[in-house]
Amino acid sequence: MTVLLSPEQTVHTGMLRVRRGEPVCVPYRIRFLGPADLPALEAFRGYVFGQLPDIDAYFPETPEFAGLHLGERGVTLGLEAEGRLIGCAILGLPQPGMPAFVDDLPQARPAVTATAHMASCMVHPDFRGNGLQRLLVTLRTLHALGAGRPHLFSRVALSNPRSLSNLLAGGFLVRRVLVMHASGRLRYLLHRDLGAAPPAWVPGSERVFAVPELEEQRAVIEAGWVGRSVELDGPVPLVTYARPVEAVQAPPQDALPQDAALEVTP
């Protein structure tokens with residue numbers, strides 16, 4: 001279903017408190033972008049790409065990428081301050097028959113029409129440190145709910161632990177480590193199910209791995225663990241995995257030996 005959104009409507013306003021590490025008091029607003037905003041959006045995205053120390057952290061999409069996420073295929077939020085675009089965030093709404101992040105889940109999958117993609121989020125380097133990426137995650141989450149899409153997905157480069165931290169703080173969980181076949185780049189697949197209660201964890205099941213420890217992470221994911229947090233203070237980012245209680249399944253009673261069945265308590 002396509003919902004008409006006026007780009008003149010302000011979604012959220014606030015004050016920026018930091019610019020280039022110095023205290024400021026700069027008003028900003030967030031609104032939905034429309035087709036007329038595409039030139040400014042592409043110019044902003046090009047600028048951010050040009051500032052990245054490691055392009056692996058954010059692989060540039062095709063020039064028409066942002067334009068595809070208007071109307072039924074998604075929405076694009078623009079964050080404006082000082083008369084210019086200083087941030088953007090895309091929520092993709094995949095349609096039946098389209099490639100979708102849900103295709104990479106290793107088990108029973110929701111319908112593609114129940115999913116949404118946290119597809120892209122950028123903040124101008126001058127204004128990082130204001131919590132804007134987490135705010136943009138929250139706003140897109142609420143829009144996904146309004147669109148009837150309770151399953152949220154994102155792909156995050158292993159070389160982008162800051163974005164990983166922001167998404168995990170927003171309730172996402174690491175479900176897989178992917179190799180993107182076209183480029184060979186490594187990505188975490190993140191998932192959040194807004195229709196389910198947050199997981200409870202098996203006590204003592206925590207396992208901590210440095211981001212480069214790929215095979216170790218894949219092994220625990222295969223065994224039922226999910227990534228729930230990342231530590232950024234050390235020389236190498238550390239991802240903590242834990243086993244959800246629901247992943248621990250007792251064998252059925254009729255599969256147990258007679259004496260073992262007698263020892264099982266409700």
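Two strands pair if DSSP finds at least two bridges between them, where strands (E, at least two residues) and helices (H or I, at least four) are DSSP runs numbered from the N terminus. The model is predicted, so local features need pLDDT of at least 70 and side-chain atom pairs count only at pLDDT 80 or more, while totals for chains, interfaces and linings use all residues. Residues are numbered from 1 along each chain as its sequence is written, and side-chain values use heavy atoms, with hydrogens and water left out.

**Exercise 1. Describe how β1 and β2 are joined, and what the backbone does in the turn.**

Step one is the pairing: β1 and β2 run antiparallel to each other over 8 bridges. One of the pairs to look for is T13, whose bridge partner in β2 is R29.

Step two is the connection, for the two strands form a hairpin with 2 residues between them. R20 sits in this loop, between β1 (10–19) and β2 (22–32).

Step three is the backbone angle: R20 is not a glycine, yet its phi is positive, near 50°. R20 is also exposed, with a relative accessible area of 57%, where exposed means over 50%, buried under 20% and partly exposed in between (1.4 Å probe, protein chains only).

**Exercise 2. Find the loop that holds E82, and state its phi and its accessibility.**

Begin with the place, which is the loop between β3 (74–81) and β4 (84–92). Although E82 is not a glycine, it has a positive phi of about 55°. Finally, its relative accessibility is 40%, which means that E82 counts as partly exposed.

**Exercise 3. Decide whether R149 is buried or exposed, and list what surrounds it.**

First locate R149 in the loop between α3 (132–146) and β6 (151–157). Its relative accessibility is 8%, so R149 counts as buried.

Next, leave out residues up to four places away in sequence: R149 then touches L93, P94, Q95, V112, T113, A114, T115, A116 and A144, a contact being heavy atoms within 4.5 Å. As for T115, the side chain of R149 reaches its backbone oxygen at 2.8 Å.

**Exercise 4. Summarise the protein chain as a whole.**

Start with the secondary structure, which comes to 6 helices and 11 strands. Then take burial, since 43% of the 266 residues count as buried. Last come the contacts with a separation of 6 or more, of which 63% are between residues 24 or more positions apart.

Conventions:
Polar contact = N/O pair within 3.5 Å; in protein donor to acceptor, adjacent residues only side chain to side chain.
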